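Here is a short, friendly tour of a single chain. Have the sequence and the 3D view open side by side as you read.

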Amino acid sequence: MTNGGRKRYFGIDPQTRQIVLGKWRIRLPESPALRIAIGSLLVVCGLLGFLPVLGFWMVPLGLLVLSHDIPAVRRARRRLAVWWARRRGTENSSGK
């Protein structure tokens, strides 16, 4: 899907190591240990989303950060993306 000639994308850009959320880009740290710590902290704090400052939005963001370094989370994210694309009736990146 394009938005004003620009492709909308959600996920991690492998060339720049940035999280892409529509028009926003967030740089990830270079250190895998720091990325895993940030992703884990986001997931744990997101599970406490009923508290005032925290939110449930932190869980998917934490899983997205973890998917950069943990293969099992990456596979689950890709399966979800393929399922979502099929459900919406759009083609996935494999050109099916």
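## Around Tyr9

Setting aside neighbours within four places in sequence, Tyr9 touches Val20, Leu21 and Gly22. One of these partners, Gly22, sits 13 residues away along the chain, and its C-alpha atom is 5.6 Å from that of Tyr9. Keep in mind throughout that this is a predicted model.

Where does Tyr9 sit in the fold? Tyr9 belongs to the loop between β2 (6–7) and β3 (10–13). Its relative accessibility is 36%, so Tyr9 is classed as partly exposed.

## The chain as a whole

Stepping back, the chain contains three helices and five strands. Their order along the sequence is β-β-β-β-β-α-α-α.

The chain has 96 residues, and 26% of them are buried. About 7200 Å² of the chain is exposed, with carbon and sulfur atoms supplying 63% of that area. As for contacts between residues at least 6 apart in sequence, 24% of them join residues at least 24 apart.

## Ser67, between two helices

Now move to Ser67, which you will find in the loop between α2 (58–66) and α3 (71–88). Is Ser67 buried or exposed? Ser67 counts as buried because its relative accessibility is 0%, and the cut-off for that class is under 20%.

Which residues does Ser67 meet beyond its neighbours within four places in sequence? They are Ile12, Val73, Arg74 and Arg77. With Arg77 there is also a polar contact between the two side chains, at 2.9 Å. Ile12 falls within the range of β3 (10–13), while Val73, Arg74 and Arg77 fall within the range of α3 (71–88).

## Following α3

The helix α3 is 18 residues in length, and 26 Å separates its first C-alpha from its last. That reach is close to the 26 Å expected at 1.5 Å a residue.

After α3 comes Gly89, and the phi of this glycine is positive, near 80 degrees.

## A segment annotated in UniProt

An unreviewed UniProt entry lists a "transmembrane region" at residues 33–59. What does the model show over this stretch? Residues 33–59 are 63% helix and 0% strand, and the C-alpha atoms at the two ends are 18 Å apart. The annotation itself comes from the UniProt record, whereas the helix content and the end-to-end distance are computed from the predicted model.

How values were computed:
Residues are numbered from 1 along each chain as its sequence is written. This is a predicted model: local features need pLDDT of at least 70, side-chain atom pairs count only at pLDDT 80 or more; totals for chains, interfaces and linings use all residues. Side-chain values use heavy atoms; hydrogens and water are left out. Helices (H or I, at least four residues) and strands (E, at least two) are DSSP runs, numbered from the N terminus. Buried means under 20% relative accessible area, exposed over 50%, partly exposed in between (1.4 Å probe, protein chains only). Contact means heavy atoms within 4.5 Å. Accessible areas come from the Shrake-Rupley method with a 1.4 Å probe; for residues, only the protein chains shown count as cover. A polar contact is a pair of N or O atoms within 3.5 Å; within protein, one must be able to donate a hydrogen and the other to accept it, and residues adjacent in sequence count only if both atoms are side-chain atoms. UniProt positions are given in the numbering used here, feature names are shortened, and annotations may be inferred rather than shown by experiment. The expected span of a helix is 1.5 Å times one less than its number of residues.
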